[in-house]
Amino acid sequence: MSDYFEEMGWTPLDDGEAPNHLIQMARFLRDYGMWELLGEDAKLPPPASKNAVETLPEIKIEPSETKQCPVCLKEFEVNDKAKSMPCHHVFHQECILPWLEKTNSCPLCRYELPTDDEEYEMYRKEKKRAVEREKDLEYLHNSMFT
Ligand SMILES: [Zn+2]
Ligand SMILES: [Zn+2]
């Protein structure tokens with residue numbers, strides 16, 4: 001994959017240039033190792049629920065801040081509309097919203113927002129339970145052998 005992206009000459013977007021979300025997503029998948037993880041026929045988690053997206057706090061960009069939006073790689077400008085994820089990663093509204101229509105997790109740290117997908121929510125709960133069970137076992141083990 002890397003050759004393909006090098007050929008694309010990845011650079012921050014010029015003013016007025018619309019981010020190409022498919023390319024952006026592909027870049028994330030590669031940069032964060034999700035490409036391998038997903039394999040060929042694996043799917044991304046489902047989109048974030050509308051409600052979760054609508055309640056994401058909008059934040060004001062302060063003049064003193066020189067933060068970059070991780071999606072389009074442009075620096076935030078004062079009065080830009082930005083959304084703060086529960087994990088405190090900040091994105092342009094127009095950058096993160098199309099992303100969350102495709103999948104529910106923060107592009108940077110994969111923090112997951114709730115989805116409207118029942119099956120996926122069940123899978124998530126099950127996954128969480130499995131982790132908790134493992135913790136219990138560890139606790140049990142430790143209390144018996146220490
Ligand atoms: Zn952006
Ligand atoms: Zn995050």
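A disulfide is a pair of cysteine sulfur atoms within 2.5 Å. By this rule, the count in the present structure, which is a predicted model, comes to zero disulfides. Several of the cysteines instead turn up as partners of metal ions, as the two zinc sites show.

The zinc ion (ligand 1) is held by Cys69 (SG), Cys72 (SG), His92 (ND1) and Cys95 (SG), at 2.0 to 2.4 Å. Angles of 98 to 118° among these four donor atoms make the site tetrahedral. Along the chain, the donors are spaced as C-x2-C-x19-H-x2-C. Cys69 sits in the loop between strand S1 (58-59) and strand S2 (82-84), while His92 belongs to strand S3 (residues 90-92), so this pair ties together parts that are 23 residues apart in sequence. How accessible are these donors? Cys69 has 0% relative accessibility and so counts as buried. Cys95, at 2%, is buried too, and His92 is likewise buried, with a relative accessible area of 4%.

The zinc ion (ligand 2) has as its protein donors Cys87 (SG), His89 (ND1), Cys106 (SG) and Cys109 (SG), which lie 1.9 to 2.4 Å from the ion. This site is tetrahedral as well, with angles of 103 to 115° among its four donor atoms. Here the spacing along the chain reads C-x1-H-x16-C-x2-C. Is Cys106 buried or exposed? Its relative accessibility is 1%, and because buried means under 20%, Cys106 counts as buried. Cys109, in contrast, reaches 38% relative accessibility and therefore counts as partly exposed.

Terms used:
Residues are numbered from 1 along each chain as its sequence is written. Chains are lettered from A and ligands numbered from 1 in the order in which they are written. This is a predicted model: local features need pLDDT of at least 70, side-chain atom pairs count only at pLDDT 80 or more; totals for chains, interfaces and linings use all residues. Side-chain values use heavy atoms; hydrogens and water are left out. Donors are N, O and S atoms within 2.8 Å of the metal (3.2 Å for Na, K and Ca); water is not among the atoms, so sites may look incomplete. Four donors count as tetrahedral if all angles lie between 85 and 135 degrees; four count as square planar and six as octahedral if opposite donors are over 155 degrees apart and all others between 65 and 115; anything else is irregular. Buried means under 20% relative accessible area, exposed over 50%, partly exposed in between (1.4 Å probe, protein chains only). Helices (H or I, at least four residues) and strands (E, at least two) are DSSP runs, numbered from the N terminus.
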